[in-house]
Amino acid sequence: MRVYLDNAATTPLDAEVMKAMCTVMENNYGNPSSIHAYGREARALIEKSRKTIANLLHTSPAEIFFTSSGTEADNTAIRCGIVDNNITHAITTSIEHHAVIHTLEAMQKAGTIKLSFVNIDSKGNIDYAHLEQLLQDNERSFVSLMHANNEIGTLTDIERVGDICEQYNAIFHCDTVQTMGHFPHDLTKLKVHFLVCAAHKFHGPKGVGFLHINHKIKIKPLIYGGSQERNMRGGTENVYGIVGLAKALELAYADMEQHRAYIQGLKSYMKGQLIENIPGVLFNGETDEAKSLYTVLNVSFPETDMADMLLFNLDIAGISASGGSACSSGTDIGSHVLTGIGASSTRPSVRFSFSKYNTKDEIDFVVNKVRELFAVNA
């Protein structure tokens, strides 16, 4: 048996998404910027997809801009949101995705901004009082906080963050790559300026995403070279990718509660089985289900001589997952997230992440293999 439990990295393509994309690839090869019939047909597909996405998020199609990835969307929001609005202070956490933290650190190094980090606890929860203090103590700020951490799954109350940011006239960018397609986002209620999506996280294609830009904020393009995306992003649009994105999000919203209940059940079952079968096992991140992304379970295993080989051994056993450990020194290459929450550097950690395609039998298979590995190396 082979088991794929690395869905936080990427998900398998839904068959209905593949079908929709293949139809476009076969029949709609015109350049959407061309004025002839082939171009107009391609353009119509893009705008239909934009409208589908906007309707699901309860926003205007004019606020949806297609990109090549969540990383590009994050970079556009951060770089342009800061520079084009004359912001000199940014706030984030030490456990954001590298697309966010590396971008902000590069801007700090260039002297564009001063960068502040919000305090977090050992589960990855942010200190909202500290966030408010940072906003009080500085000029107008750019706040970048993710909805759910991609390694440990801890959720941030982004409605609360939005309210705080509004109080201090701050610009709020939220990396929602891990929660788009898994949680509903109602942009009539959420006070956010930038919101990010990558289609491959919810059974859509790789190489396409979008950036939601609130109409209240104005920025210039990150990528120049054409008038595409209403002069906001140069480059010929990935037509079949955009169609696939919209289809995947539509499917995700149609069965979201059913899939959420099913996947949460798998996560809870695996957690219980690991506790029962692996003495000393712990879990990184928020343990309260209401405060944790239901697709992610980060497991902290007991100290073992095979720590460096754990993922390799799982792979040999047919199990695909990801993970690592906290950095034990400034030169170690480890998980900045686990280091940020103070996790043990001597315990190997594995992120198991689930999708609608996983089964209870697969969970049993994985737990048995893990138990065998630790029994052999006891």
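This tour proceeds through selected helices, loops and side chains of a predicted model.

**Helix α1**

Begin by selecting residues 15–27, which make up helix α1. At 1.5 Å a residue, its 13 residues should span 18 Å, and the end C-alpha atoms are indeed 18 Å apart, so expectation and model agree. Next, display the side chains of V17, A20, M21 and V24, which are buried. They cover an arc of only 95 degrees around the axis, and therefore lie on the same side of α1. Turn to the other side of α1, where A15, K19 and E26 are exposed. Against which helices do the buried residues of α1 pack? Add residues 37–57 and 239–254 to the selection: these are α2 and α8, and the buried residues of α1 pack against them.

**The salt bridges of helix α2**

Remain with α2 and select E47. Its relative accessible area is 32%, so E47 counts as partly exposed. E47 forms a salt bridge with R43, with the closest N and O atoms 3.1 Å apart. Both residues belong to helix α2 and are four residues apart, about one turn of the helix. E47 also meets R50 in a salt bridge, at 2.9 Å from N to O. Because E47 and R50 are three residues apart in helix α2, about one helical turn separates them. R50 has a relative accessibility of 1% and is therefore buried.

Now select R43, which is partly exposed at 23% relative accessibility. A further salt bridge joins R43 to E237, the closest N and O atoms being 3.0 Å apart. R43 lies in helix α2 and E237 in the loop between α7 and α8, so this pair ties together parts that are 194 residues apart in sequence. E237 is buried, with a relative accessible area of 9%.

Select R43, E47, R50, E229 and E237 together in order to view a network of linked salt bridges. In the whole structure, a search finds 10 salt bridges.

**Two residues with positive phi**

Most residues other than glycine have a negative phi. Select E229, a member of the network just viewed, in helix α7, residues 228–231. Although E229 is not a glycine, its phi is positive, at about 50 degrees. Is E229 buried or exposed? With a relative accessible area of 3%, E229 is buried.

Proceed to H203, in the loop between β7 (194–198) and β8 (209–213). Phi of H203 is near 70 degrees, which is again a positive value in a residue other than glycine. H203 counts as buried, at 7% relative accessibility.

**A buried loop residue**

Select I126, which is found in the loop between β4 (114–117) and α5 (128–137). Its relative accessible area is 9%, so I126 is buried. Which residues does I126 touch, leaving aside those up to four places away in sequence? They are T93, V118, N119, I120, L131, L145, T156 and V161.

**Helix α9**

Select residues 256–277, helix α9. Its 22 residues should span 32 Å at 1.5 Å a residue; the end C-alpha atoms are 31 Å apart, which agrees. Among its buried residues are M256, I263, L266, M270 and L274.

**A surface patch**

Finally, select M309, F312 and I316. These residues form a nonpolar patch on the surface, with about 320 Å² of accessible area together. I316 lies in helix α10, residues 310–316, and is exposed, with a relative accessible area of 62%.

Note on methods. Residues are numbered from 1 along each chain as its sequence is written. This is a predicted model: local features need pLDDT of at least 70, side-chain atom pairs count only at pLDDT 80 or more; totals for chains, interfaces and linings use all residues. Side-chain values use heavy atoms; hydrogens and water are left out. Patches are made of residues with over 30% relative accessible area and no salt bridge: like charges are joined within 9 Å, nonpolar side chains (Val, Leu, Ile, Met, Phe, Trp, Tyr) within 5 Å. Accessible areas come from the Shrake-Rupley method with a 1.4 Å probe; for residues, only the protein chains shown count as cover. A salt bridge is a side-chain nitrogen of Lys or Arg within 4 Å of a carboxyl oxygen of Asp or Glu. Helices (H or I, at least four residues) and strands (E, at least two) are DSSP runs, numbered from the N terminus. Buried means under 20% relative accessible area, exposed over 50%, partly exposed in between (1.4 Å probe, protein chains only). The expected span of a helix is 1.5 Å times one less than its number of residues. The arc is that of the directions from the helix axis to the C-beta atoms. Contact means heavy atoms within 4.5 Å.
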